[in-house]
Amino acid sequence: MSSEFPLITVLGPTAVGKTAFASHLAIDLNAEIISADSRQIFRGMDIGTGKDLEDYRIKDQVIPSHLIDIVDPGTEYNVFQFQRDFGTAYDSIVSRGKIPLMCGGTGLYLESVLLGYNLEEAPVNRSLRQELDKLSTDELVSRLSILRHLHNTTDILDRGRLTRAIEIEIHKKSYKNQQPKNDFIDHPVIGIRFERKIIRERITARLNHRLNEGLIDEVRQLLKNGVSVDQMKLYGLEYKYVTSYISGELTYSQMFSLLNTAIHQFAKRQMTWFRRMESKGIRIFWLEGENGLIDNLTKAKKYVNLHKV
């Protein structure tokens, strides 16, 4: 993977229409899409993660996409593995003479590529493991929560995963070569956003649509296929609250209200992360969603054509 070849990035908070926009842009630029979404990697988690696979079909063309449906639910997957899989997909796309277009809203995944974090797989730390063996499971969970946010993880399901997760996080902080290499920092990054009131309306409308399209049945099927209630809740957002509804812990009304609020809060956290990316030197060319798809595609293509990498 080399930054001498182009990379285009489309990012933004949830519910702004990133996939549809990226697909239209990909047709015009002869690009293939690499997903940067921490949950769309899981098979069978379609409606809740917003894969919107129909958005990859524009008229009679299907836009090739990568890093979607690559592991089963319950599989441990982290940013180190994402970087590895991104590199494989990137090299494959470039070898066919096409442009890689990274699209998603998982800030850590996006940043790891754009800033070129030089991650390595954490080695076994035997002295740390001896220390952690003395702690209770709750104490291990508490320690991991200090090191990283526990959204979308199955690491707290057993002591072995907990220990390994803590080991990885501590290694990240001590690994000197993890400083950015800026591999793709000068490549075009396009962001889509809406005014806060509008994004709230879009989130609520999309949640209603997903529930009507079978989100509850999707969660029931995942549970039937062997994903435990505890595992499902750890995937957060839709999977957490719908599982609580199916389990009888919440009424439908409670589930909808709590989930709707949680998604709004998630969108705000995403925008905070993107602002932090800008403070690290990543230039994001922001498009206002209210301007419409055609106008924003025109602006994006002009930006890409003028952007020197």
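## Starting with the sheet

Two strands count as paired here if DSSP finds at least two bridges between them. By that rule, β2 and strand β5 (residues 65-66) are partners: they pair in the parallel sense over 2 bridges. Within that pairing, Ile-33 sits opposite Ser-65 of β5. Keep in mind that this is a predicted model.

The pairing belongs to an open sheet of 6 strands, with parallel pairing and the order β5-β2-β6-β1-β7-β8. At the edges you'll find β5 and β8 (284-288), each with a single partner strand, so one side of each has no neighbour in the sheet. Over at the β8 end, strand β7 (residues 189-193) pairs with β8 in the parallel sense through 5 bridges. There, Ile-192 faces Leu-287 of β8.

## The chain as a whole

Stepping back, the chain has 12 helices and 8 strands. It runs to 309 residues, and 50% of them count as buried. Take the contacts between residues at least 6 apart in sequence: 76% of these join residues at least 24 apart.

## A closer look at β2

How many residues of strand β2 (residues 31-36) are buried? The count is 6 of the 6, so the strand is largely enclosed by the rest of the structure. Both of its faces are covered. On one side the buried residues are Ala-31, Ile-33 and Ser-35, while Glu-32, Ile-34 and Ala-36 are buried on the other.

Besides its pairing with β5, β2 is joined to strand β6 (residues 99-104) by 6 bridges, and these two strands run parallel. If you want a spot to find on the model, try Glu-32: its bridge partner in β6 is Pro-100.

## Helices on the sheet

Which strands does α3 touch? This helix packs on the sheet against β1 (8-11), β2, β6 and β7, and its direction makes about 150 degrees with that of β6. Helix α12, for its part, lies across β1, β7 and β8 and runs at about 165 degrees to β8.

## α3 meets α11

Two packed helices are described by the angle between their axes and the distance between the axes. For helix α3 (residues 107-114) and helix α11 (residues 252-279), the axes come within 10 Å and cross at roughly 15 degrees. Angles under 35 degrees count as roughly parallel, so α3 is roughly parallel to α11. Their crossing is right-handed.

On the α3 side, the residues involved are Gly-107, Leu-108, Leu-110, Glu-111 and Leu-114, and they meet Trp-273, Phe-274 and Met-277 of α11. Sorted by class, this contact holds 6 nonpolar, 1 polar and 1 charged residues.

## α1 meets α12

Helix α12 also has a helix partner. Helix α1 (residues 18-29) packs with helix α12 (residues 293-306) at an angle of about 50 degrees, and their axes are 10 Å apart. The two helices are therefore oblique to each other. The crossing of α1 and α12 is right-handed.

From α1, the contact uses Phe-21, His-24, Leu-25, Asp-28 and Leu-29. From α12 come Leu-293, Asn-296, Leu-297, Ala-300, Lys-301 and Val-304. What's the mix of classes in the contact of α1 with α12? These residues divide into 7 nonpolar, 2 polar and 2 charged.

Technical notes. Residues are numbered from 1 along each chain as its sequence is written. This is a predicted model: local features need pLDDT of at least 70, side-chain atom pairs count only at pLDDT 80 or more; totals for chains, interfaces and linings use all residues. Side-chain values use heavy atoms; hydrogens and water are left out. Axes are lines fitted to C-alpha atoms, for helices over the stretch in contact, and angles run from 0 to 180 degrees between N-to-C directions. Helices (H or I, at least four residues) and strands (E, at least two) are DSSP runs, numbered from the N terminus. Angles under 35 degrees count as roughly parallel, over 145 as roughly antiparallel, 65 to 115 as roughly perpendicular and the rest as oblique. A crossing is left-handed if the near helix is turned anticlockwise from the far one by less than a right angle, and right-handed if clockwise. Contact means heavy atoms within 4.5 Å. Ala, Val, Leu, Ile, Met, Phe, Trp, Tyr, Cys and Pro count as nonpolar, Asp, Glu, Lys and Arg as charged, and the others, Gly among them, as polar. Buried means under 20% relative accessible area, exposed over 50%, partly exposed in between (1.4 Å probe, protein chains only).
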